[in-house]
Every structure is written in structure tokens, then in C-alpha cells.
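Here is a walk through one protein model, with a few stops along the way. Have the structure open and follow along.

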Amino acid sequence: MAAPDPASAPDPASAPVPGTPVPDRDAGPVTRWHRRSGTAVLLDGFHALKHAVRFGAKVEVAVTADRAAALALADELAPDVRDALAALLAEVPYETYASLVPRPHPTAVAALAVRPSRAGNLEKLAHTPRTAPVVVLDLPRNLGNAGAVIRLAAGFGATGVVTTGTLDPWHPTVVRGGAGLHFATAVERLPVDELPAGPVFALDPEGDDIRALKLPDDALLAFGSERSGLSAELRARADHLVALPMRPQVSSYNLATSVAMTLYHWSATGDAS
Ligand SMILES: C[S@@+](CC[C@H](N)C(=O)[O-])C[C@H]1O[C@@H](n2cnc3c(N)ncnc32)[C@H](O)[C@@H]1O
């Protein structure tokens with residue numbers, strides 16, 4: 001009989017001693033939650049968890065105060081991931097659930113998932129040829145707007161969303177606004193001088209009417225901040241200034257609605273169409 005290959009034999013030092021709990025595998029959901037909560041992405045509510053699972057998030061722990069109700073929702077709204085959710089969800093008392101989240105969600109479901117690596121996201125953003133635009137939010141300030149934009153980008157199949165400035169696009173409030181759809185696109189923060197390659201179409205009310213333009217798949221669609229519009233740095237990097245139709249005397253649209261109109265225009269008239 002051939003001698004066992006030492007490389008494939010278990011390391012006696014790392015083998016569990018019978019009866020000794022294996023860290024994590026034997027820990028309850030609340031212990032695992034506390035171990036992960038500092039670094040993981042909070043998925044707040046059933047819909048965020050559903051989307052994250054659909055788009056391949058690695059969920060580390062998921063809790064609910066009412067497992068039967070959560071699985072009934074899955075039967076109704078997400079039969080495609082029902083079994084995965086059933087395997088993940090652990091029921092805890094409502095008070096325990098409420099103590100784990102900043103603000104209880106009506107569905108009483110919450111989970112923690114591994115944040116995708118920055119290196120992986122940068123690779124996706126840099127990949128060419130690009131088949132869908134990258135949305136750039138230049139110095140955004142409002143966390144809810146950023147979440148709504150990530151949800152739009154996921155819906156239109158955009159390559160990713162890049163933010164410049166100090167707002168963290170993975171902030172829990174942004175993830176809540178994005179309904180867990182950060183996992184459906186590549187979301188990162190980058191300085192303007194490190195934006196991915198591609199022609200920059202910067203949205204500004206003073207630009208050329210978007211209706212006369214076709215937006216290419218490799219475009220970077222850039223939007224200014226809620227308060228002060230496009231920064232000088234972003235303007236300097238822009239290849240085209242593009243305006244959304246707006247009647248005189250209206251100053252501007254909301255940031256997220258501007259992204260919605262622009263992505264719709266790309267989907268209806270650009271390379272994508
Ligand atoms: C709320 S607006 C910014 C308003 C800001 N007070 C300003 O001075 O531009 C946020 C962003 O949405 C986009 N936006 C809003 N209305 C637009 C329009 N009519 N045409 C093109 N972009 C628009 C621009 O990118 C703008 O920077």
C-alpha cells in the first residue's frame with residue numbers, strides 16, 4: 001500500500017479535538033453576527049437579502065424574528081432563492097433581532113454578507129470591451145441618492161457605479177437604499193484621475209441635448225453633486241457635456257432621477273438598443 005501523501009494529510013495541530021467547539025461552525029447566529037458585524041455588509045430586510053443571494057453574495061449569517069413569515073415571502077416573491085434562504089435564515093426572538101440592527105425593518109430579516117473585494121471590482125470596472133456604461137457620481141452627498149443610483153445601475157445592467165469624494169458607497173444607508181443590489185454591479189470609490197478608461201459623458205443642464213446623442217456602451221456617465229453640480233476636475237476629464245430636456249425656469253433635476261433618464265436613454269437609443 002502506498003504511503004499517504006503528507007501534503008494531503010490533515011495537520012494534527014489544526015484538527016479539532018473531539019468535543020471542542022469549532023469556532024464559527026458551532027457558534028450560534030448571534031455570536032457569529034457579533035464576530036462579523038464590524039467588517040461585513042449589513043443586508044437590512046428581506047428584499048436586500050433576496051437580491052444579494054440572487055447576485056451571488058456570500059452571506060455569513062442571516063436572522064429573522066419570524067422564519068415562517070420570511071419563507072412565506074420567499075414562496076411568494078422569490079421562489080428562485082427560497083431554498084437558499086431557508087438554509088441561511090435562523091430564527092431569533094424579536095428583541096434579539098432588533099438589538100442587531102440600527103432600525104428594525106418591517107420584514108424583521110437581516111443578514112451580513114462579505115463585501116466584494118476592491119481588486120475584483122476594479123477589474124470589472126477596467127475590463128474592456130465594456131458592454132454597458134459605468135455611472136460616475138462626482139462628490140455625491142446624499143446616501144439615499146447613492147443607493148437609488150446603485151439600484152438603477154443594477155436594473156439597467158450597468159458595469160458599475162463609481163463615486164468620487166468622501167461618501168462611502170458601501171455605507172449601510174446606501175446599501176439599504178440600494179436594496180441589496182450592490183452585489184449586482186461593481187461599486188467602488190475612486191479619485192477622478194483613476195476613473196476607468198472610456199469617453200466621459202458628463203451630465204449638465206448647459207450641455208448638448210441628450211436626445212440628439214447616442215451613448216456608447218463604453219461610456220462613463222458622470223453626474224455632479226446635489227449641491228454644486230460637476231466639479232472642475234470632472235469637467236476637465238469630460239469629453240462631452242450632455243443636457244436632459246428641461247423647461248426654462250427649472251434649475252435642475254434630482255441626481256437619481258437624472259441617472260434614471262440617462263440610463264434609459266442609453267438603453268433605448270445607445271449601442272444597447
Ligand atoms: C441636483 S443636480 C445639481 C444641481 C446643482 N445646484 C448645480 O449647480 O448643478 C445633480 C446633478 O444631476 C444632473 N442634472 C440635473 N438636472 C440635469 C439636466 N437638466 N441636464 C443634465 N444633467 C442634469 C447633473 O449631473 C447635476 O450635476
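The expected span of a helix is 1.5 Å times one less than its number of residues. That yardstick comes up again below.

## The overall picture

First things first: this is a predicted model. The secondary structure of the protein comes to 10 helices and 10 strands. The protein has 273 residues, and 40% of them count as buried. As for contacts between residues at least 6 apart in sequence, 80% of them link residues at least 24 apart.

## Helix H7

Does the yardstick fit here? Helix H7 covers residues 143–156, which makes 14 residues, and at 1.5 Å a residue it should span 20 Å. Its end C-alpha atoms sit 20 Å apart, so expectation and model agree.

H7 is also largely enclosed by the rest of the structure, because 10 of its 14 residues are buried. The buried set runs from Asn-145 to Ala-154 and includes Gly-147, Val-149, Ile-150, Arg-151 and Leu-152. These buried residues pack against E5, E6, E7, H10 and helix H8 (172–177). Right after the helix, Gly-157 has a positive phi of about 70°.

## The six-stranded sheet

Now for the sheet. Six strands make up an open sheet with parallel pairing, and their order is E7-E6-E5-E9-E8-E10. Strand E7 (186–189) and strand E10 (240–243) are the edge strands, each pairing on one side only. On average, neighbouring strands in this sheet are turned by 30° against each other, direction ignored.

Some of the pairings can be followed residue by residue. Strand E6 (residues 160–163) runs parallel to E7 and is joined to it by four bridges, and the bridge partner of Val-162 in E7 is Glu-188. E8 and E9 pair in the parallel sense over three bridges, with Phe-201 partnered by Leu-221 in E9. On its other pairing, E8 goes with E10 in the parallel sense over five bridges, and Asp-208 stands opposite Val-242 in E10. Helix H10 (residues 255–269) lies across strand E5 (134–137), strand E8 (200–209) and strand E9 (220–223), running at about 155° to E9.

## Around the ligand

Which residues come closest to the ligand? The closest are Leu-203, Gly-224, Gly-229, Leu-244 and Ser-252, out of 17 residues that surround it. E8 and H10 are the elements that give two or more residues to this shell, and E8 gives the most, with three residues. By type, the shell divides into nine nonpolar, six polar and two charged residues.

## Helix H2 and its surroundings

H2 (residues 46–54) is another helix to look at. Seven of its nine residues are buried, so this helix is largely enclosed by the rest of the structure. The buried ones are Phe-46, Ala-48, Leu-49, Lys-50, His-51, Ala-52 and Val-53. What covers them includes strand E1 (41–44), strand E2 (59–64), helix H3 (67–77), helix H4 (82–88) and strand E4 (109–113). Just past H2, Gly-56 takes a positive phi of about 85°.

Leu-77 lies in helix H3. Leu-77 and His-47 are 30 residues apart in sequence, yet their C-alpha atoms are 9.2 Å apart in space. Is Leu-77 buried or exposed? Neither, quite: Leu-77 is partly exposed, because 13 other C-beta atoms lie within 10 Å, while being buried takes 20 or more.

## Backbone oddities

Most residues other than glycine have a negative phi, and most peptide bonds are trans. Here are some spots that go the other way. Ala-108 isn't a glycine, but it has a positive phi of about 50°. Ala-108 is found in the loop between helix H5 (94–100) and E4, and counts as buried because it has 21 C-beta neighbours inside 10 Å.

Ala-179 is in a similar spot: its phi is near 55°, again positive in a residue other than glycine. Ala-179 lies in the loop between H8 and E7 and is buried, with 21 other C-beta atoms within 10 Å. Finally, a cis peptide bond joins Thr-128 and Pro-129, with omega about -5°. Pro-129 is found in the loop between helix H6 (118–126) and E5.

Notes
Residues numbered from 1 in each chain as written. Predicted model: local features only at pLDDT ≥ 70, side-chain atom pairs only at ≥ 80, totals over all residues. Buried ≥ 20, exposed ≤ 12 C-beta atoms within 10 Å, placed from the backbone. Contact = placed C-beta atoms within 7 Å. Pairing = 2+ DSSP bridges. Axes fitted to C-alpha atoms, helices over the stretch in contact; angles between N-to-C directions. Near = placed C-beta within 6 Å. Nonpolar A, V, L, I, M, F, W, Y, C, P; charged D, E, K, R; others polar.
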